[in-house]
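Student: Could you zoom in on one helix for me and then show me how it fits with the rest of the chain? I'd like to know what is hidden, what covers it, and what the loops elsewhere are doing.

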Amino acid sequence: MTSLLQICFVVDDLHTAMADFGTCFGAGPWFLGPEPTDDPNGTVHRGVPTPLGARIALGYTGALMLELVEPLPGSTTVFSDRLAESGPGLHHFGFGTTNLDATLRELADRGRTPVFTSRTPRGARIVMVEDTTGHGGLEEYIELTPEGEAFYATMRAAAESRDGREPIRAEATPPHPSSPDP
């Protein structure tokens, strides 16, 4: 079982994009992922272990999570590929799944192979495959774990109670879901 969880956009400048998406779509607050390192740490791009090579921000608008990704200069990743091919814009649709292994078997049965694999900062596995439907973005399958779902609930609660202060937060230290947006 999979469900649409997020829509991701690749951007030239993360901070400008967070401000723009906040204004245009009412998204936020934004939760910044950890700063990327040179360690591949389990990330594989088209069969080659590679560093993530991108800065990431997550935020909600209503019930939909938006992901903004800024590829680092000189990186060779699924994100820098898209930016080089078509410029800023839609990158992927993210689907949550409670059984990633079964989802991967189903994709393989349909001849769809991963072009990117990695893990979230909370340890959930993610896999991206090429678009075969013509909707214009890759498909990402995100393993739903208790830690991930708790983090998403925290972000949704912060979005619902936000008052415009603290529009950017470190992903490692989001407020508790029952806490109001400071």
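Tutor: We'll start with some ground rules, then go to the helix, and then move outwards.

This is a predicted model, where local features need pLDDT of at least 70, side-chain atom pairs count only at pLDDT 80 or more, and totals for chains, interfaces and linings use all residues. Residues are numbered from 1 along each chain as its sequence is written, and side-chain values use heavy atoms, with hydrogens and water left out.

Okay, the helix is H4, residues 146-161. Helices here are DSSP runs of H or I with at least four residues, strands are runs of E with at least two, and both are numbered from the N terminus. A quick check on H4: at 1.5 Å a residue, its 16 residues should span 22 Å, and its end C-alpha atoms are 23 Å apart, which agrees. The expected span is 1.5 Å times one less than the number of residues.

So what is hidden in H4? The buried residues are Gly148, Phe151, Tyr152, Thr154, Met155, Ala157, Ala158 and Ala159. Buried means under 20% relative accessible area, exposed means over 50%, and partly exposed is in between (1.4 Å probe, protein chains only). Here's a handy rule for reading that list: an α-helix has 3.6 residues a turn, so residues three or four places apart point the same way.

Now for the cover. The buried residues of H4 are covered by, among others, strands E1 (2-10), E2 (30-32), E5 (54-61), E6 (64-71), E10 (138-143) and E11 (168-170). Contact, by the way, means heavy atoms within 4.5 Å.

Another strand to look at is E7 (residues 89-97), which holds Phe95. Ignoring residues up to four places away in sequence, Phe95 touches Thr2, Ser3, Leu4, Leu5, Glu139, Glu140, Tyr141 and Ile142. Its C-alpha atom is 9.0 Å from that of Ile7, although Phe95 and Ile7 are 88 residues apart along the chain.

Time to step back. In total, the chain has four helices and 11 strands. Its radius of gyration is 16 Å, close to the 16 Å from the globule rule for 182 residues, so the chain is as compact as a globular protein of that length. That radius is taken over C-alpha atoms, and the rule is 2.2 Å times the number of residues to the power 0.38. Of the 182 residues, 46% are buried. Take the contacts between residues at least 6 apart in sequence: 64% of them join residues at least 24 apart.

Finally, the loops. Pro29 is in the loop between H1 (14-25) and E2, and the peptide bond from Gly28 to Pro29 is cis, with omega near 0 degrees. Most residues other than glycine have a negative phi, and most peptide bonds are trans. Asn41, in the loop between E2 and E3 (44-45), has a positive phi of about 45 degrees; at 60% relative accessibility it counts as exposed. Arg46 sits in the loop between E3 and E4 (48-49), with a positive phi near 50 degrees, and is partly exposed at 44%. Pro51, in the loop between E4 and E5, is partly exposed too, at 25%. Beyond neighbours within four places in sequence, Pro51 is in contact with Thr37, Asp38, Asp39, Pro40 and Thr77.
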